[in-house]
Amino acid sequence: MAVPLMDKGVVVVAVGYDIAPKGNMDLMVSQVRRSVVSVVQQYSHISGLYLCGHSAGAHLAAMVLSTDWSQYSITPQIKGAFLVSGIYDLLPILSTYVNEPLKMTEEVAVRNSPSKLVPQLKLSSSSCHLVVAVAQNDSPEFRKQSEEYYKTLEESGLNVTMEDVPNTDHFNIIEQLVDGDYHLTKLLLKMMGKS
């Protein structure tokens, strides 16, 4: 997926984190936030930082946007974020098989739900351009969460757009980013001023 971006001069950094059961939700969020700090420190010359995440990655990117950076050594200037087919409210997954390895309590789920942290996002990332994208054939829960998160961001006065991507499912919506002519690839490059 990095090739069309790199072809336009974009530096792409993929961050990792400990998945469950090794990592719990608080640890995963912390690791991704620290990764962003590390990237900014290592690449201090960059002209802008843009986040892109899919599914769990969209959740984690939204959590980065909702960070209180006073607890860290820097405040990254995040210019844009691409949130693709994400989960923004963790409460509905508490009673599902997805939570078995995570072992989240209600308190942990609320603390790590971007939909509950929009006031902090507004403080930390108010100038950020946000794109919430969802696949036409995503599951009803993914579609609902994307639509509701978009509406909450929009009602908060944030610079956000919604992309309902036709003829895609939960997987090929992101897999197609390898194609420079794909709608979301073009949109991501346009956001970065690289189109």
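In this predicted model, Y88 is buried, with a relative accessible area of 1%, and Y149 is likewise buried, with a relative accessible area of 1%. A search of the whole structure finds two aromatic pairs. In the pair formed by Y88 and Y149, the ring centres lie 4.3 Å apart and the planes meet at 10 degrees, so the pair counts as stacked, the cut-off being under 30 degrees. The points below follow this pair into helix α7 and the sheet, and then turn to R33.

**The aromatic pair and its place in the chain**

- The Y88–Y149 pair links distant parts of the chain, since its two members are 61 residues apart.
- Y88 belongs to the loop between β2 (78-84) and α4 (99-102), whereas Y149 sits in helix α7, which covers residues 140-155.
- A pair of aromatic rings is described by two quantities, namely the distance of the centres and the angle of the planes.

**The sheet and helix α7**

- Four strands form an open sheet with parallel pairing, and their order across the sheet is β1-β2-β3-β4.
- The edges are taken by β1 (49-54) and β4 (160-165), each of which has a single partner strand, so one side of each is left without a neighbour in the sheet.
- Neighbouring strands of this sheet are turned against each other by 15 degrees on average, with direction ignored.
- Strand β3 (residues 129-135) runs parallel to β4 and is joined to β4 by six bridges, and within this part of the sheet V134 stands opposite D164 in β4.
- Helix α7, which carries Y149 of the stacked pair, packs on the sheet and touches β2, β3 and β4, while the direction of α7 makes about 160 degrees with that of β3.

**R33 and its surroundings**

- R33 lies in helix α2, which spans residues 25-42, and R33 is buried because its relative accessible area of 16% falls under the 20% cut-off.
- When residues up to four places away in sequence are not counted, R33 touches M63, V64, S66, T67, W69 and Y72.
- With T67, one of these residues, R33 also shares a polar contact of 2.6 Å between the two side chains.
- Computed along the sequence, R33 and A61 are 28 residues apart, and their C-alpha atoms are 8.7 Å apart in space.

Notes. Residues numbered from 1 in each chain as written. Predicted model: local features only at pLDDT ≥ 70, side-chain atom pairs only at ≥ 80, totals over all residues. Heavy atoms only, no water. Buried < 20%, exposed > 50% of the residue type's maximum accessible area, 1.4 Å probe, protein only. Contact = heavy atoms within 4.5 Å. Polar contact = N/O pair within 3.5 Å; in protein donor to acceptor, adjacent residues only side chain to side chain. Phe/Tyr/Trp six-rings, centres within 6.5 Å; stacked < 30°, edge-to-face > 60°. Pairing = 2+ DSSP bridges. Axes fitted to C-alpha atoms, helices over the stretch in contact; angles between N-to-C directions.
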